[in-house]
Structure formats: C-alpha cells, structure tokens
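Today I'm looking up ring contacts. Let me pull up the structure and start my notes.

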Amino acid sequence: MTEKIGVYVCHCGSNIAGVVDVEDVAKWAAEKLGHQGVVVARDYKFMCSSLGQELIEKDIKELGLTRVVVAACSPHLHEKTFRIAAQNAGLNPYLVELASIREQVSWVHTDKAVATAKSKAVVSGAVSRVIENAPLDEIKVPINPNTLVVGGGIAGIQSALEIANAGFHVYLVEREPSIGGHMAQFDKTFPTLDCSACILTPRMVEAGTHPNITLLTWSEVVNVAGYVGNFNVTIKKKARFINEELCTGCGICQEKCPKKVIDDVYEAGLGYRKAVYTPFAQAVPNFPVMDKENCIYFEKGTCKACEKFCPTNAIDFNQQDELINIDVGNIVLATGYDLFDARRVSNYGYGRLPNVFTSLEFERLSNAAGPTTGNIVLRDGKTVPKSVGIIHCVGSRDRNFNNYCSVICCMQGLKFAHLVHERTGATVYNFYIDMRTAYKAYDEFYQRVLEEGTLFVRGKVAEVTDAARYSNERGKLIIQTEDTLAGKQRRIPVDMVILSSGLEPRHDAREVGKLFGISCSMDGWFTEKHPKLDPVSTMTEGIYIVGCAQGPKDIPSSVAQGAAASARVLDKILQKEVALEPIKATVNKEMCSGCRICNGLCPFNAIAFLADDNVSEINPALCQGCGTCVAACPAGAISGTGFSNEQIIAQIDGLLMRNLEPVEA
C-alpha cells in the first residue's frame, strides 16, 4: 500500500449527526479500511469551519497524507473549500474526494441504523475512488477586458455603468430602439413613490454618453462562440433607415409622418405612434426608427414625407441590416421579463370587458407622459371611476399558470391603490391571497395605504363579470370572490378592474439560453450557479445573469444584482487570466468513429467535428465537465478527467463493500 488516506466525517450540526451515527462511521473507517491506506479517521462538528479545515491541514502535514476523503455535504457546496485546505497543506487539491452523506443519506433517511450503514458504504466508495485520483493542474486562459451586456433595462444599465466607470469597455446591446426597459414605462416606483423617469433618465443618459460604453440599440445577438475570457459575438444591428451621424433627433420626421400605428410596446396598446418614431421623449439614443411593416413607402412605394421634410437628409430608405463582430471576455445577460398575458385567465374578462386593465396598461394610464397625461379614466377616455378593484396574483401562485410568486404584485397593487386614491378619490378594493410586503419600508407603505382607506378582501377572485343580478350592479363590473376572513361569498360592483399581472420569462428565453450555452429552470428563468451563494453566475464560466432574467424581482434587487455581476466581471478582468477547472472530457481519436452524436448533445457547444480527420474534438476551455458526451459516446472514445472507468468501477466496488477485508470472528 503506497497511499496514506485521511477520512473526515462531518456532523454538520444535527444535519447529518441527527440521523447518522457519525462517530461510528469514523471509527468503522479507521478499523475496516486500514488495508486500503486509511491511516486516520476523525469526526468533527463542522468540518467546513476554519477549525475543521485546520484539522485536515494539520494531518496532511504531520501524517504525510497523500489522499483525503471528506464525508459531509454535496460537492457542489463545499468541494472547493476542502480543496483549498488541501492545497494550503501542500497536497494537490484534486486528491480530495467528497462523500455526500447529507443530501444522499441524512436528508433522505429516517432510520438511523440504515443511514449509518449507508454512510459507511458511501465512505468506502469514496476511499476506493480517491486511490485512483490523479493530481491535476488548472487550465489558465487570458481575459479580454471588454464586456458584453445584453439588455438595456435598469439591471443592464447598472451593470454596464459599473464596469465602464472602472475604466473598461462595455458593449451594451438592446433589441428595442431605446434603453430603459419596463422601468421607462412606469410613473412611480414603490415604496418611496419616486418618479420613475427622474431616477432612470439620468442613468440612461450616462450610459448613452459614457466614453467606455458602445451602445447598440435596435440590435440583437445572433451568434456566440468561444469561452470565458475569449468570446466572439456576432450582433445584428437592424436597419433604422435613419443615418445616425446626420440625425439631430429634431422630431420633424415624426411630425410629418401621416401613418398612425397603435403602440403595443411602450404604450401597452393604449396610445398611438407614427410609422417613424422614438418610443418616448427621453429615449436614449434619441434617434427615431422606421417601422418597415407600417411605413407607407415600404407598403406602396409612395409618400417619403419624412425624407422631404428632414432638414439634415438623415432618412435613408436603402439602409440594410448590419452584422457586427466583437471580442469580449465576459457576458452579462439582463434580458428581463415578459408580463403574463391576462387573457389566459378568461374568467377575469381581460380583452372581453373593456374596463378591465392590466398592470402595465394602468402604469401608462397613470403616467403624466402617457396617453391620458396621467388622468385615470375608463376605456372611453373621459369617465373617472368611482370604485376600483385591484386583483393580486394574476397568473402567479396559480398551478394552472405559474406556481411561483412574482414578488412585485403585492407592492404594485398597493401602489396602484395609492395612485387611484390620490387622483380620483375612488373607493378602492384590493383582492389578495397573502400580503407579502418584505424588504425595507415595504410594510410601512402597506400601513400607509391602509390608513388611506383602501379596503382589503382576502380571498381568490373567482370571476369578473358584467352580468348584473341586482339594481346596484347595472353598468358595473362585478367581482365575485370568497372573503376568507368573513367566511362568505361576496359580489362587489366596481367601475374599473386592474389585474396585477405576474412576471414570466422572456418568450424566447430558452433559445437565448441555448445561444449563450446556459440552462433554464422548469419555469423558464435562466439557472444560476447556486441559488444562495452564487445567484449571478451560471454554470458557463464568464456568463452572468442579472435582474429578472434570473427570476422575478423588484427594482432595488435588480440594481443590486447588476452591480454584483459587475464586481465578478471586474474581478476576472483585473486578474488578467482565469484558472479553469481541469475536470474536462477528452476524445481518444483512435477510437472515435466520427458519428457526431456527441456534437449535438454538448450543452456548452464545446465539441467540434474535424472533417479532415473524421473525428470530434473537445475545446477544453469550453468544456464544463458535465459528462454528457462521455455517457453518449457509443464507442467509449470519450473519457472525463476525474471520472475515468477505473475511478467509477473502484467507487462501485467500494459502495458494494466488495473490497473489505473479511471480518474475523
């Protein structure tokens, strides 16, 4: 026996020790696995603590350990912790093996004897496997200091500004004609009721004029190649039909354009724009864009009023889409959210009953720059409502649509209640399931709205209808609901209904995820590396997710995430090179049949087919060591570093305890 192995079993407080007899597992490992090289086995209350790590480091140095097994939690959580401890003691960090006796044993068993026996088997498997482990060296790649930020909402703007202010260049790409995102559509922001434009506009202007930011609006990413530190990105800049170098943003082309179009994007269908337009007055950049689908010239070949009246000859009907290639080291995705389509909850009547509004429609209705200049009126454009019902959780916390909480709906509903009170004096009802007002000053705002006289009804609304049963319901919308506090069914007639709609992932989130080589959750949100410890990173090195691209969140949380991702990017840029995990897959070219099955399965686009040699090749910088190709290869030509056949078979032998010495009677 040449290896000297240390086994360390963690109590994890009562997480493991409450179900597993930890002392017995450590004692068993010392007694029964000595023939495999185990020279020491210890248990400790919190092995991941500094004292626990020092215990391992001390044994490595004093006992000359050549391998370490830590029986604790998932490798996902603390493998890096124990690798660093080994490295501090002079041992190659990849000679450490974690045996998960928390997620795979204590959390899934209740019988202590069974859990203890299973823990012994798991430790035995890890000891057999660690003998086969080989020392590995990290792969280091240089970092291009340029960064790509995709999405020009508040999270993307914040992220871009943080990096640009640190002195590094940023490409900020936005698919709409202007940056600003959904926040640019709002009137007030909760709980402080700040003017949304007053907060956002200076940040937009700063991003648009920053010398370290290249702003690419009306543009989309169409291809991403490369790996952390060295991404090559292709961006399609759509034709605006406006020469940006000549345009002064005077707006004469919009005034003279004869074609009016319903604005389904910025005005949420409540207002009109021209066929040549800027989305809103404070747009950045302040260049208009031509709506080719609705332009009379593109439809009929006549008009050109905009061209005739443009004082700088900036109209260019011959402009074509342009492909731009850029090299960046890191990518931040801030692609935002889509609003839940309230038509899907047909019993609430949106789209059928005129005075049922969505939350985004109400935002535009109450906005001083909106279609009614901030006057809250019914769909006829003049009648001020005397009673308003606000329904929470539309499309959220509902198994028929989205099971998750959309986070913002309660506070959004409270804000609407305040605005209706302030501007109309109407009676306001809030229909809620649970009131969720966490975070700073949120509950105080709830108390304020209560004091203003808003009426709250706890219970899920069953239906919104205009079918009157009683004389006081004629001409009204009737909200049929269960009042769970009063314990009875209620019918409440109102003039206006506002649906506090939930948030959903972007409709093309899965395609975008595939483009950038990251995954989505079952609900469609981009998946973070770790929900608690690393919520802005992804499993693909160098790609970060912020704001509502990661999941529903409010403005402060989106801004915080934008700043957090920037800190991670700057950390990589300042290091100038990044060390990649050496756990990679490799192809044995002599065994490869060139079937290309692995090519299409790789979620990180790391495998290329070499036609001249008729074999596949894996880019180690792109490979994340997931093992998908290893399992799929019919010829067994691909092996994963750290997951060789010898290591896996040895672990199975250990788990089955086939390599234990016979116990003497």
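**Notebook: rings and charges**

I began with Lys415, whose charged end sits over the ring of Phe186, 5.3 Å from the ring's centre. For a charge to sit over a ring, NZ of Lys or CZ of Arg must be within 6 Å of the ring centre and within 35 degrees of the ring normal. I also found the charged end of Lys238 over the ring of Trp218, 4.0 Å from its centre.

A note to self: this is a predicted model, where local features need pLDDT of at least 70, side-chain atom pairs count only at pLDDT 80 or more, and totals for chains, interfaces and linings use all residues. Residues are numbered from 1 along each chain as its sequence is written, and side-chain values use heavy atoms, with hydrogens and water left out.

Next I looked up ring pairs, and the structure holds 13 aromatic pairs. One of them is Tyr297 with Phe298: the centres are 5.6 Å apart and the planes at 70 degrees, so I wrote down edge-to-face. (Rings of Phe, Tyr and Trp, the last by its six-membered ring, pair if their centres lie within 6.5 Å; planes under 30 degrees apart are stacked, over 60 edge-to-face, the rest tilted.)

Phe298 also pairs with Phe317, with centres 5.7 Å apart and planes at 65 degrees, so this pair is edge-to-face.

Are these rings buried or exposed? Tyr297 is partly exposed at 24% relative accessible area, Phe298 is partly exposed at 26%, and Phe317 is buried at 9%. (Buried is under 20%, exposed over 50%, partly exposed in between, with a 1.4 Å probe and protein chains only.)

Last entry: Phe241, Tyr297, Phe298 and Phe317 form one aromatic cluster.
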